[in-house]
Amino acid sequence: MKTVFITGSNRGIGKAAAEKFLENGWRVVAHSRKPREIDTENVLPVCFDMLDAALMKECVKQLRRDKITIDALVNNAGVAHGGLFQMTPVARIKEVFAVNLFAHMELTQLILKIMAKENASITNVASVAGIDFRAGNCAYGVSKAALIAWTKVLQAELQGKVRVNAVAPGLTETDMAQEMEEKLRASTLRHSVFGRLGKPNEIAQAIYFLASDEASFITGQVLKVDGGGGYIE
């Protein structure tokens with residue numbers, strides 16, 4: 001049985017991804033920030049704040065002690081932010097980068113030590129906000145752009161020993177979407193070919209595909225799942 005480690009798996013895209021892997025016979029190491037009870041078979045819950053490096057390290061050490069090998073890592077956890085650059089303290093931008101980029105870098109360094117030697121993969125959940133830029137995205141969009149750049153660098157360094165790809169969702173029906181301005185939601189719907197937001201399961205399908213053996217010849221790529229509309233103002 002293959003094992004996937006998914007960050008931010010308690011809701012939204014992360015939860016949908018966990019369900020997709022379970023449907024396909026994987027064991028899921030399901031990360032969340034707060035403890036939660038899970039009675040689903042083949043789910044191993046782990047709990048730590050993405051900014052708690054010590055607890056993160058202890059979690060991975062425990063996986064190693066339990067002789068658990070990770071076949072796929074899905075870096076999904078993230079925080080949203082909107083605001084014009086001149087109105088956003090640099091300290092706040094650093095906070096967004098800490099969760100959306102640096103925490104995943106740190107976790108990935110740890111997970112690589114217990115990854116399978118063959119057919120392993122890393123999938124980073126970025127955003128079209130990191131590709132199609134607009135005003136008010138100095139923190140979230142730029143952090144996701146950096147995540148995409150890191151995806152490319154990491155795949156170049158790993159040289160196919162571990163496949164590394166990214167998924168770039170458009171606005172999706174999650175709690176994060178509910179926090180977005182109505183003007184942005186309306187703009188997204190207007191430019192989407194399908195006239196609607198994405199569904200978590202649709203993003204999860206793309207994540208699972210890139211992590212699975214079906215994508216065995218794909219690495220260093222960014223797959224946009226945005227309904228054809230991008231992130232247009």
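Residues are counted as buried under 20% relative accessible area, as exposed over 50%, and as partly exposed in between. In the predicted model described here, 49% of the 233 residues of the protein fall into the buried class. By the same scale Gln159 is exposed, because its relative accessible area is 63%.

The secondary structure of the protein consists of seven helices and seven strands. Read from the N terminus, the order of these elements is β-α-β-β-α-β-α-β-α-β-α-α-α-β.

Helix H3 covers residues 90-111. Its 22 residues should span 32 Å at 1.5 Å a residue, and the C-alpha atoms at its ends are 30 Å apart, so the expected and computed values agree. Helix H3 nevertheless contains a bend, of about 45 degrees, which is located at Ala98.

The packing of helices was examined next. Two packed helices are described by the angle between their axes and the distance between the axes. For H2 and H3, the axes come within 10 Å and the crossing angle is roughly 25 degrees. Angles under 35 degrees count as roughly parallel, and H2 and H3 are therefore assigned to that class. The crossing of H2 past H3 is right-handed.

A second pair is formed by H1 and helix H7, the latter comprising residues 200-211. Their axes come within 8 Å and cross at roughly 55 degrees. This angle places H1 and H7 in an oblique arrangement, because it belongs to none of the parallel, antiparallel or perpendicular ranges. The handedness of the crossing between H1 and H7 is right-handed. Glu19 is one of the residues of helix H1, which runs over residues 12-23. The C-alpha atom of Glu19 is separated by 8.8 Å from that of Asn201, although the two residues are 182 residues apart along the chain. Glu19 is partly exposed, since its relative accessible area is 40%.

Charged side chains were considered as a further set of contacts. Side chains of opposite charge can pair when their charged atoms come close. Six salt bridges are found in a search of the whole structure. One of them joins the side chains of Glu58 and Arg65, with an N to O distance of 2.5 Å. Both partners are partly exposed, because the relative accessibility is 36% for Glu58 and 46% for Arg65.

Another salt bridge is formed between Asp132 and Lys224, whose closest N and O atoms are 3.1 Å apart. This pair links distant parts of the chain, its members being 92 residues apart. Asp132 is situated in the loop between strand E5 (120-125) and helix H4 (140-158), whereas Lys224 belongs to strand E7 (residues 222-225). Lys224 also forms a salt bridge with Asp226, and here the closest N and O atoms are 3.8 Å apart. Asp132, Lys224 and Asp226 are thus connected in a network of salt bridges.

The members of this network were then assessed for accessibility. Asp132 has a relative accessibility of 23% and therefore counts as partly exposed. Lys224 is likewise partly exposed, because its relative accessible area is 36%. Asp226, by contrast, is buried, because its relative accessible area of 17% is under the 20% limit.

Backbone geometry provided a final group of features. Most residues other than glycine have a negative phi, and most peptide bonds are trans. Lys67, which is not a glycine, has a positive phi of about 60 degrees. This residue is placed in the loop between helix H2 (53-65) and strand E4 (72-75). With a relative accessible area of 74%, over the 50% limit, Lys67 is exposed.

A positive phi is also present in Gln159, a residue other than glycine, where the value is near 55 degrees. Gln159 is located in the loop between H4 and strand E6 (162-169). As stated at the outset, Gln159 is exposed, with a relative accessible area of 63%.

Definitions and conventions
Residues are numbered from 1 along each chain as its sequence is written. This is a predicted model: local features need pLDDT of at least 70, side-chain atom pairs count only at pLDDT 80 or more; totals for chains, interfaces and linings use all residues. Side-chain values use heavy atoms; hydrogens and water are left out. Helices (H or I, at least four residues) and strands (E, at least two) are DSSP runs, numbered from the N terminus. The expected span of a helix is 1.5 Å times one less than its number of residues. The bend at a residue is the angle between axes fitted to the seven residues ending there and the seven starting there. Buried means under 20% relative accessible area, exposed over 50%, partly exposed in between (1.4 Å probe, protein chains only). A salt bridge is a side-chain nitrogen of Lys or Arg within 4 Å of a carboxyl oxygen of Asp or Glu. Axes are lines fitted to C-alpha atoms, for helices over the stretch in contact, and angles run from 0 to 180 degrees between N-to-C directions. Angles under 35 degrees count as roughly parallel, over 145 as roughly antiparallel, 65 to 115 as roughly perpendicular and the rest as oblique. A crossing is left-handed if the near helix is turned anticlockwise from the far one by less than a right angle, and right-handed if clockwise.
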